[in-house]
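Student: I would like a close look at one helix and the turn that follows it, with a comparison to other backbone features elsewhere in the chain. Please give the account in one connected answer.

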Amino acid sequence: MPGTRGPVPVPVQNGDRDLTLQILEAVDENASVKTSETFPNASQTEVKAALDRLASRQMIEYETDDSEEVVLTGEGQQIVDEGSHEFKVWDAVRKAGRMSLKDQALATPSAKVGQGNAFKLKWIKKDGDSLIPLTDSVTDTTREVLQYVAEHRALQNPRDLKDLRKRTLVTTQKIITYDARKGPRWARDIPVEVTDLTADMLADGSWKTANFKPYNFKALGEQSQGVGALHPLNKVREEFRKIFFNLGFTEMPTGRFVDTGFWNFDALFVPQQHPARDMQDTFYVSDPPEAGPPGPDPEADAALNAMEEEDRDEEDSDPPTRPTQQPTKHLDYAQYYANVRATHQDGAFGSIGYRYPYNDAEPRRLVLRTHTTAVSTYCLHRLAANPRPAKYFSIDRVFRNETVDATHLAEFHQVEGVIADYGLTLGGLQGFLRRFFKKMGLVGLKFKPAYNPYTEPSMEVFAYHRGLGKLVEIGNSGMFRPEMLLAMGLPEDLRVYGFGLSLERPTMIKYGVNNIRELLGHKVDLGFIEGNAAVRLDKA
Ligand code: PHE
């Protein structure tokens with residue numbers, strides 16, 4: 001049976017037969033069935049469960065009747081079986097003809113009651129110290145009334161009830177009886193109701209004829225249903241975004257996970273033979289086999305235009321970096337490509353170049369971007385249309401062909417910022433990074449000279465981690481090389497800072513996660529995601 005789960009009928013045993021089926025049979029044969037009469041020996045709960053099972057499918061309808069019935073006590077039953085106490089006394093006296101008042105048979109409490117009643121009824125009388133019968137035949141009314149109760153569970157004359165109760169021959173009991181009849185979806189058999197639509201049912205077509213259980217919209221449902229929860233990475237991301245927005249940054253459009261070798265590597269002066277370009281470090285996309293020449297990305301441009309427009313409207317944005325509208329130069333992507341190519345191969349814009357024959361296939365290769373600097377590069381080139389001070393940031397996913405271990409995944413998130421302004425200095429970058437990381441509670445920054453093909457000088461950023469009691473690397477930074485910016489057409493005195501860090505590292509520190517696989521991927525415990533408080537980066 002495909003996809004049946006949940007409340008399929010569970011047979012209720014009544015004797016050897018299923019009570020649900022017995023009810024169906026009875027309702028089929030009678031216009032109306034009183035369960036107390038038809039199933040006098042079945043338990044009330046079982047009867048009710050069976051009725052509800054059928055009524056929920058609208059196969060039957062029923063009403064509940066509360067009533068009272070009269071039932072015999074043990075003593076009452078004994079009278080039905082043997083005759084009343086007065087009858088038994090009269091009978092014994094009649095058979096003996098004369099019975100001494102001291103006779104053992106008259107000594108029991110019930111015989112005493114019977115003797116009294118038999119006197120009243122004039123069935124016997126005292127004769128000296130003996131009893132003698134007054135009649136040869138009697139009508140045992142008490143027994144007859146009780147026989148009627150045994151048969152009908154009621155009294156012919158309701159006035160007898162008080163008396164019989166006092167004599168503890170009968171009691172009353174409440175009975176619930178159900179009055180059942182056919183319902184709008186009457187059927188002789190219980191159809192199996194399907195509660196889940198499964199892939200198998202779709203594949204074999206059985207969904208077309210399946211008898212689906214209707215939704216019960218009146219069900220109260222569960223008390224606390226789990227609602228969506230932000231992943232810790234998203235919480236930390238939101239904190240970073242707020243910091244960037246407060247510092248007057250504009251968010252870059254980072255939707256393009258697949259980018260070209262040009263934006264990801266060549267434009268950044270990553271040598272064409274650089275180990276990072278190797279298949280071992282970069283995921284290349286094989287289909288389509290190659291991209292066209294570098295050109296504008298209309299979607300990204302529209303998104304960035306909209307965001308810059310929004311920032312211009314903001315009253316409190318930083319005056320020096322407020323983008324000023326100037327006549328926009330046409331962006332010549334072919335010229336830009338030629339500049340990048342020439343700088344790699346022969347040197348240009350003050351650079352001696354790498355002096356290797358430039359391979360035009362490399363910039364056309366499609367890659368899963370290995371850093372968001374590919375996006376920053378696109379945005380910086382776009383800035384050459386209207387060179388001006390600008391601050392951009394992005395927080396999004398990047399991919400690297402790494403061996404997965406406790407601290408590395410093949411994909412992670414980068415937080416990246418670029419600042420373009422006139423007359424920037426290295427000290428200014430250090431000052432900015434101190435202010436930026438202070439907002440995250442990281443102080444006592446240390447800088448270590450490093451190497452990036454696209455920045456000079458480059459610095460790794462370290463901060464003292466109180467929990468670990470040592471300096472930990474928190475980011476990478478530098479000033480973009482002039483040959484990279486000049487090739488874009490940016491003016492000579494416009495300098496650009498760049499810095500990047502992973503989103504995962506501060507999140508792991510914040511949430512006490514030691515294994516990155518517990519933070520991202522299929523091993524993540526949903527309870528961890530749902531149970532974590534919103535993050536507040538410690539302000540120093
Ligand atoms: N792209 C660098 C990285 O992946 C970060 C960076 C960005 C460094 C911009 C300098 C300038 O680590």
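Tutor: A residue is called exposed when its relative accessible area is over 50%, and buried when that area is under 20%. The model discussed here is predicted.

Helix H6 covers residues 109–120. At 1.5 Å a residue, its 12 residues should span 16 Å, and the end C-alpha atoms lie 17 Å apart, so the expected and computed spans agree. The buried residues of this helix are Ala-111, Gly-114, Gln-115, Asn-117 and Ala-118. Among the elements that cover these buried residues are helix H5 (85–96), strand E6 (124–127) and strand E7 (130–133).

Just after H6 comes Lys-122, with a positive phi of about 60 degrees. Lys-122 sits in the loop between H6 and E6, and strand E6 is also one of the elements covering the buried residues of the helix. Most residues other than glycine have a negative phi. Lys-122 has its positive value although it is not a glycine. Its relative accessible area is 61%, which is over the 50% cut-off, so Lys-122 is exposed.

Arg-355 offers a second case: its phi is near 55 degrees, a positive value in a residue other than glycine. Arg-355 is found in the loop between helix H13 (333–345) and strand E12 (366–368). With a relative accessibility of 58%, Arg-355 also counts as exposed, because this value is over 50%.

The backbone has further features to note in its peptide bonds. Most peptide bonds are trans. A cis bond, however, joins Asp-287 and Pro-288, with omega of about 5 degrees. Pro-288 belongs to the loop between strand E11 (284–285) and helix H12 (298–313). Another cis bond runs from Glu-456 to Pro-457, where omega is near -5 degrees. Pro-457 is placed in strand E16, which comprises residues 455–465.

Glu-251 provides a contrast in accessibility with the two exposed residues. Glu-251 lies in strand E9 (residues 250–251). Its relative accessibility is 10%, and because this is under 20%, Glu-251 counts as buried. The side chain of Glu-251 makes a polar contact of 2.6 Å with the side chain of Arg-241. Leaving aside residues up to four places away in sequence, Glu-251 touches Arg-237, Arg-241, Phe-245, Leu-304, Met-307 and Phe-393.

Key
Residues numbered from 1 in each chain as written. Predicted model: local features only at pLDDT ≥ 70, side-chain atom pairs only at ≥ 80, totals over all residues. Heavy atoms only, no water. Helix = DSSP H or I, 4+ residues; strand = E, 2+ residues; numbered from the N terminus. Expected span 1.5 Å × (residues − 1). Buried < 20%, exposed > 50% of the residue type's maximum accessible area, 1.4 Å probe, protein only. Contact = heavy atoms within 4.5 Å. Polar contact = N/O pair within 3.5 Å; in protein donor to acceptor, adjacent residues only side chain to side chain.
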